[in-house]
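Me: I would like a close look at one part of this model, and then at how that part fits with what lies around it. Please take it step by step.

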Amino acid sequence: MKMLFMVLVLCFLLLPAAFADTDNFFSVKSNTGPYALLPGEDVIVGFVISNKDHVYPRNVTAYLDPCPVGWACEQQTFSFADTGLHAVNLTVKVPVTAQPKKYTMYILLKSEWMTRRGDDRIVFSVMTDKDAAAVSYSDYSDREKALAAAEPPAERAPEQPEPDVPSYQDEAGAEEAVPSVEPEPETGIKSLVPDINSSEIVENVERLESSHQFVEYASVVLIVVLVFIAAGAIITFRKEK
């Protein structure tokens with residue numbers, strides 16, 4: 001009897017948590033990354049914050065993490081009068097001494113109210129002057145190809161008949177066979193399997209664990225397990241009687 005009572009009490013305690021309204025939160029819905037830049041430049045990182053029923057004076061602070069040593073990463077506190085999507089931005093100052101490579105940061109939200117992860121990953125590609133010039137030439141080349149494709153094709157001149165080519169014969173009178181040259185196979189084989197970034201897998205798992213669907217799924221599974229336990233306890237209690 002005591003076991004049955006404990007199971008019922010546990011079920012009643014977990015039901016409010018399972019069916020509570022968990023749609024009220026701040027989250028990052030999108031951002032304008034990635035960015036390609038040179039050392040010494042300033043970057044304005046644009047992103048969109050969604051606030052589910054969190055309006056003024058419920059504030060949220062947005063910041064970039066991890067901010068590399070020597071970089072200046074702005075953080076701001078935002079408050080919104082209406083629910084919905086709100087475009088905001090933060091400024092990142094890249095030092096002149098920044099090493100040319102890729103830097104990954106995340107737009108994180110901090111508040112006394114509920115927050116959730118979203119599309120918060122940003123990649124900063126710091127280039128050298130040589131890399132920037134190569135990228136500029138690539139853009140120019142792509143534009144030229146696009147313009148050439150848009151131009152109408154020129155009228156083709158009438159084809160001229162090919163002149164007869166005399167065949168050479170050896171002393172026996174047989175024509176010499178002209179060896180055909182087959183194109184050499186390409187030595188480089190492009191991999192059809194994309195590279196897998198382990199950090200992206202970990203990040204996606206973290207987002208799945210913090211998502212609303214995962215919380216609802218876990219709550220339903222827990223309730224089903226508790227119902228089975230309660231049913232077993234009732235059957236056991238009746239058998240003991």
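In which strand is lysine 110 found?

Reply: In this predicted model, lysine 110 is found in strand E8. With a relative accessibility of 48%, lysine 110 counts as partly exposed, because that class lies between the limits of 20% for buried and 50% for exposed. Once neighbours within four places in sequence are set aside, lysine 110 is in contact with Val60, Thr61 and Tyr63. One of these, threonine 61, is 49 residues away from lysine 110 in sequence, yet the two C-alpha atoms are 5.1 Å apart in space.

From here the view can widen to the nonpolar core. The largest nonpolar core has 26 residues, and the members that touch the most others are Val45, Phe47, Ile49, Trp71, Phe78 and Phe124. Strand E8 (102–110) is one of the strands that supply at least two residues each to this core, and the others are E1 (26–31), E2 (35–37), E3 (42–51), E4 (60–65), E7 (84–93) and E10 (121–126). As a general background, nonpolar side chains in soluble globular proteins tend to be buried together.

Phenylalanine 124 shows how such a core member is surrounded: leaving out residues up to four places away in sequence, phenylalanine 124 touches Tyr35, Leu37, Val43, Val45, Trp71, Val92, Lys101, Lys102, Tyr103 and Met105. Val43 and Val92, both among these contacts, are also bridge partners of each other, with valine 92 lying in E7.

That pair leads to strand E3, in which 8 of the 10 residues are buried, so the strand is largely enclosed by the rest of the structure. E3 is joined to E7 by 10 bridges, and these two strands run antiparallel; a further example of their pairing is isoleucine 44, whose bridge partner in E7 is threonine 91. E3 also pairs with E1, again in the antiparallel sense, over 5 bridges, and here asparagine 31 has phenylalanine 47 of E3 as its bridge partner. Phe47 is also listed among the core residues that touch the most other members.

These pairings belong to an open sheet of 5 strands in the order E5-E7-E3-E1-E9, in which the pairing is mixed. Strands E5 (72–73) and E9 (115–116) stand at the edges with a single partner strand each, so one side of each is left without a neighbour in the sheet. E5 is joined to E7 by 2 bridges, and the two strands run antiparallel: alanine 72 stands opposite lysine 93 of E7, while cysteine 73 stands opposite valine 92 of E7. Valine 92 is thus a bridge partner of valine 43, stands opposite cysteine 73 and is touched by phenylalanine 124.

A charged pair completes the picture. The structure holds 1 salt bridge, formed by arginine 117 and aspartate 120, whose closest N and O atoms are 2.5 Å apart. Arginine 117 is partly exposed, with a relative accessible area of 33%, whereas aspartate 120 is buried, with a relative accessible area of 1%.

Notes: Residues are numbered from 1 along each chain as its sequence is written. This is a predicted model: local features need pLDDT of at least 70, side-chain atom pairs count only at pLDDT 80 or more; totals for chains, interfaces and linings use all residues. Side-chain values use heavy atoms; hydrogens and water are left out. A nonpolar core is a set of buried Ala, Val, Leu, Ile, Met, Phe, Trp, Tyr and Cys residues joined through side-chain atoms within 4.5 Å. Buried means under 20% relative accessible area, exposed over 50%, partly exposed in between (1.4 Å probe, protein chains only). Helices (H or I, at least four residues) and strands (E, at least two) are DSSP runs, numbered from the N terminus. Contact means heavy atoms within 4.5 Å. Two strands pair if DSSP finds at least two bridges between them. A salt bridge is a side-chain nitrogen of Lys or Arg within 4 Å of a carboxyl oxygen of Asp or Glu.
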